[in-house]
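Trainee: Before I rely on the terms used for this protein, I should like to see how each one is justified.
Mentor: Then let us take the terms in turn and set each against its definition.

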Amino acid sequence: MDAPAANQSQTPCQPWAGQNGWSTASTQGPPCSPLPSFQHLSLGLPSDQSPSYVDLQPSIQDYQSNYITSSSTNKTHYSALYQASHVSNNSSAATLVANTADQNAPLFLSNANQSLHISSTVPVASHGKNIPPSSLPLTSQRPQPSRPQPMSLCSSHSPYEAIPPPFQPPYTHQGILNGLQSPYQQDLPISPPSVGQCVNQGPQSKPQPTFGSVNVESPPLAGGAGYTPSHVSPTSPIQQQPQWTLPPHYRGAVYESVPDAAAHPYKEPSQDGNILPPSPNSESRYGLDPKLLPSAVKVMAEDRAEWEGKVFVSEPSSSLPPLATTSCIIEDRGNASPCAIRSTSYCVPSEGQIALLSRLPLGALVTPLAAQTAGEQPLPVRSEPECVSGCGDCGASMCPAMGWQDCGQRFYCPFCGKLSEVPWQHYQPTKGVEGVRVDRDKRPELSTGSYEILNSEKGEPAALLLAIDVSASALRGGYLDFVTQQIHTLLTSLNREDGAARSDVRVGLMTYDSRIHLYDLSPALSRPHMLVVTETEDLQLPVREGLLVSLKDCIDNIDSVLQLIPLFSPECDDSSGVPLDLPVKAALAILQAMSCPGKLLIFHTAPLIERGHTHSSSGFFGSNKPKSIFQPSELAVSLAKECVGQGCGVHLFVLSQQDVGGAWPGHVPYLTGGALHTYSHLQGELDRERFSTDLRRTVETDTGYKAQLRIYVSKDLRVSGCYGLFIPGPSPCQVAMATLDWWTTLAVELTHTRALDEKRGAAIQVVVSYSTQTGDRRTRVHTLTLRCSRHLLDAFRHCQAQTLLAFYCKKMYCAALERPLQELREELQTEVTEALASYRKHCSSASVSTGQLVLPQYLRALPVYINSLRKSEVLLPGLRSSVHQRLQQRCQVLSMDACSTATHFYPLLVPLPLSADGSGDAGPPSLEGALRCSAACLEPRGLYLVHGPLALLLWVGTHVPACTLVQLFNTSCFSSLPSGETQLPALDNPLSSSIRSLIDSLNSQAPCARKLWVVKQGDSCEEALQRHLVEDKSPNGGASYADFLYHLHVNSVRLLQ
């Protein structure tokens, strides 16, 4: 299982091992030192096999294994004998093999020159002796024969037929992940291993064949995506392929947990200044070389080479779209853009049993108000009377998935399976064998997957409400001068949609401490009037007129109030805090009185408290559910429901951050489509700049109000779940949201009710009705048509790892409200393990041995993504992560789209040039050369930028040239560099200009303003960087990518035995 931070590895972890799901059983024998060596990649291609193989070849070290007794009275125990073959020192070159004839060929990872043999008899002479921690032999000058190690088939906790382990393993911290029952359990018989004989080769034995190195290339996806072989030995049979065998300490658990990250000892750093010593966090517990494992960076680079800047035609039943991280132009020809709807599988299993057998989730990611990218056609808009009406039975809107019959007089609805009559006003005949209407190309509802309807009804324009904390803490803090100045600057710079100098948006202003101060801003008044409301329990408005006034009519009155606010004198003692629900209730009363939606911006400083007995609340789901720190209180949920009903989005700016103690104020903002912005203190220039950026983005972002989301699926499917930042309703296919912006994304889970018709395929339609800033009511329709297949292989061929990551993230982060985090981490590992086992058993075209890891072609990056999700701060808290930080990160990630989610869990590690004038590594910085997120990729003489949606870090090595430091930081001394949150100085040289331009470009794409952290090598701030190097062991105890992938392979093999 995942463990605490690596720096705690020297201390005993027995007292809390059970809390993390580790076995606390006592060990037999002294503990074993972990493997200090790496694996090297050595590959070969069998002449008669088409899939590509990646074989992991270990080095060999002298060690003497011991026998362990295995006996039982009623059951037969099997023990594994491992062969350690002689490996030539010249056979360590990396070789990459593929057959480009099959673009969906699986990827195989295996260990080199080991074969697994099973024996039913073992000597009894080795009790209490050391057992090597892994079956992978260590490096040495002379290979020695390895002796058999015991291995039980299954643990008693396994959902499969179990055989009790004959001995306790030598690790107290290794637990077992008890996965869910496999739906294909009956198809996975447990056959006993064959009895073999351990064959050892001495130094005089015939050497194994050596494989030559290759040049790796990436052909286009359409023409056989994968690896291109070069200089491959054509005579290496598959029997000579290296094997990735099970470890000798393996206890037979079907779901063995990933061992802790703290078990590996640190190595002394090298004194060589030219290269970075291998980071202990980058090393694999089992000696695997992380550099030779499947790379998410390479997968993204291959997809960019295929689609970057090109046009993807989205047609009904089209193929896999480009990855979410690839920028391309989408042409809508009857299927919604993947930016609006991205399915987890673009070939839906026709039967529910096939979907269960694949162990892959069936669903979609939905971004209802997704923005069009540059170069794409704008979304077509139709008035309601002009549109052909949709299905009268289920309410689905008209779309290209409808089937026309009787010469266009009726149409078949795929969402309910019924026929509907066409009104005579919209009737047009059909043509051709397929029965296409003659006006199809003239009507967007018949020819495009996405379009918008301008409804006849028109509501009130949205308002902008400003609530400023004027309690004693706020007045003493000295923030109000800056805050009121920024509000004044923003309001005066707003432009109307037609280009006028000032906006017509209606604005309201209030201040609060323990009371509410409303302001009458009527232009007829010579000066604004303050109205104090002292009865806050049952809040009643003293007046209605003048509380919301058009900005162009009240700008002078607002300016006069803003100038007076910093001069207020404290009238109430706020030592016990100020209730945060006061301004929300007052804003709701104003919006309800004016019958309009709006945005509420709260600028809060006082200590945070939450009224009501929050600890006695059972949260969202009732008293019979377990409590969770992520659950909002009943008061917060009730207040958020009122905001949703009125269309009020709450945006909270906390001007004095309080991480310790106090209620977390973010539940109401995030449940209403708003956000929480926290600042340490608004005294520094960096926080003030972030505040200005966040304030402007909040006001200027295009927003939909009072959004109603409806999801329709084919009649043989149903919506079984919907995950995102909203208040759950009675039906998962209907979601109500107070406000909705262009990046808010939901995940929809689908389930079969009966077998799908392969000829008709499957259809998903998302209909969102919302109000604009001006009060117009619009309905946006997105329809996605997918193919169906009864072949299991098609389900794996039409999935993408980034989409599955975003789906799993939203599902698990929502489940964190009511389920233990350890259970969620185990479920993630179980899901991926069973999916790999299913693919290995039913879809692998080659006859592979148990030592070869099989990965689907388009899911090569899934293990590293899932491991990063498992060890995220939300699911695996670190020693220094506060509750408030975890709560906010959960809400921020839940609303992200697929692109931002993929970048969050696998940030871009970009090397920066050392010079821009030809004196060093010339060239402007580019995201194309991103590296793997591992400390092994960082060199002491380099500069690296780590980019994620919520973080931006600049790592500076100790041996960066002095001229580079001068050009970038205006100092030549490494020790004098600023560390932590900082801002690059604006220097007049090409290097500084190019890097600052890149940072500004990345910040403009981020959903919120970010801090730039400068991290110096060897500095205490490096822990902030380590959290983003997701392929390494994380500071909170998460396992490395190599170790997690190793356990996925071992557990998937055990499922099939």
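Trainee: Which residue of β14 is the bridge partner of Trp404?
Mentor: The partner is Phe411. Please note that this is a predicted model, in which local features need pLDDT of at least 70, side-chain atom pairs count only at pLDDT 80 or more, and totals for chains, interfaces and linings use all residues. Residues are numbered from 1 along each chain as its sequence is written, and side-chain values use heavy atoms, with hydrogens and water left out.

Trainee: What makes β13 and β14 a pair?
Mentor: Two strands pair if DSSP finds at least two bridges between them. β13 and β14 (residues 410-412) are joined by three bridges in the antiparallel sense. A strand is a DSSP run of E of at least two residues, numbered from the N terminus.

Trainee: What makes β13 and β15 edge strands?
Mentor: The open sheet has the order β13-β14-β15, with antiparallel pairing. β13 (403-405) and β15 (419-421) each pair on one side only.

Trainee: Why is Asp406 with Arg410 called a salt bridge?
Mentor: The term requires a side-chain nitrogen of Lys or Arg within 4 Å of a carboxyl oxygen of Asp or Glu. In Asp406 and Arg410 the closest N and O atoms are 2.8 Å apart, so the pair meets the rule. The count by this rule comes to 31 salt bridges.

Trainee: Is Asp406 to be called buried or exposed, and what decides the label?
Mentor: Buried means under 20% relative accessible area, exposed over 50%, and partly exposed in between (1.4 Å probe, protein chains only). Asp406 has 40% and is therefore partly exposed; Arg410, at 25%, is partly exposed as well.

Trainee: What does the salt bridge of Glu315 and Arg333 tie together?
Mentor: Their side chains meet at 4.0 Å, N to O. Glu315 lies in the loop between β7 (311-314) and β8 (329-332), and Arg333 in the loop between β8 and β9 (341-343), so the pair ties together parts that are 18 residues apart in sequence.

Trainee: How do you know that Cys648 is in no disulfide?
Mentor: A disulfide is a pair of cysteine sulfur atoms within 2.5 Å. The nearest cysteine sulfur to that of Cys648 belongs to Cys643, 4.5 Å away, so the cut-off is not met. Cys648 also counts as buried, because its relative accessibility is 0%.

Trainee: Why is Cys937 not bonded to Cys933?
Mentor: The sulfur of Cys937 is 8.3 Å from that of Cys933, the closest cysteine sulfur, which is too far for a bond. A search of the whole structure finds zero disulfides.

Conventions:
Helices (H or I, at least four residues) and strands (E, at least two) are DSSP runs, numbered from the N terminus.
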